[in-house]
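Hi,

Here is the model I said I'd pass on. Have a look, and my notes follow underneath.

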Amino acid sequence: MRAGNGISRPHAQLYAFNLTDAIPKVELPLQGEENSPILDLKLILDGVYQRAGYHFRIDYHQSLTPAVSSEVAAWLNTLLVEQGLR
């Protein structure tokens, strides 16, 4: 696909999911006959979170911005309590 300025852009696929859903594993398409690896995005994000020390930097007792529904807020609170962050 070519954009109006002559730049070639690859095709992309959107993996939509909600906050309460498990983060999906995604296929990384390669050219040719090679097998496409599966990326475990949850594992990758967990590693980045730990190495960056976000659990020390983020105050999980603050209200969320933007606000979420009471159902999602309860889910988040349970998750944070299980992780020892609240």
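How many of the 86 residues of the chain count as buried, in per cent? The figure is 8%, where buried means under 20% relative accessible area, exposed over 50% and partly exposed in between (1.4 Å probe, protein chains only).

Before the rest, the small print. This is a predicted model, so local features need pLDDT of at least 70 and side-chain atom pairs count only at pLDDT 80 or more, while totals for chains, interfaces and linings use all residues. Residues are numbered from 1 along each chain as its sequence is written, and side-chain values use heavy atoms, with hydrogens and water left out.

On the fold: the pattern along the sequence is β-β-α-α-α, giving two strands and three helices (DSSP runs, numbered from the N terminus: H or I of at least four residues for helices, E of at least two for strands).

As for dimensions, the radius of gyration is 18 Å, whereas a compact globule of 86 residues would come out near 12 Å (taken over C-alpha atoms; the globule rule is 2.2 Å times the number of residues to the power 0.38). Along the principal axes, the C-alpha atoms fill a box of roughly 50 × 30 × 25 Å.

Then the rings. One aromatic pair turns up in the whole structure: Tyr49 and Tyr54, tilted, at 6.0 Å centre to centre with 40° between the planes. (Rings of Phe, Tyr and Trp, its six-membered ring, pair if their centres lie within 6.5 Å; planes under 30 degrees apart are stacked, over 60 edge-to-face, the rest tilted.) Tyr49 is partly exposed at 22% relative accessible area, and Tyr54 is partly exposed at 33%.

Cheers
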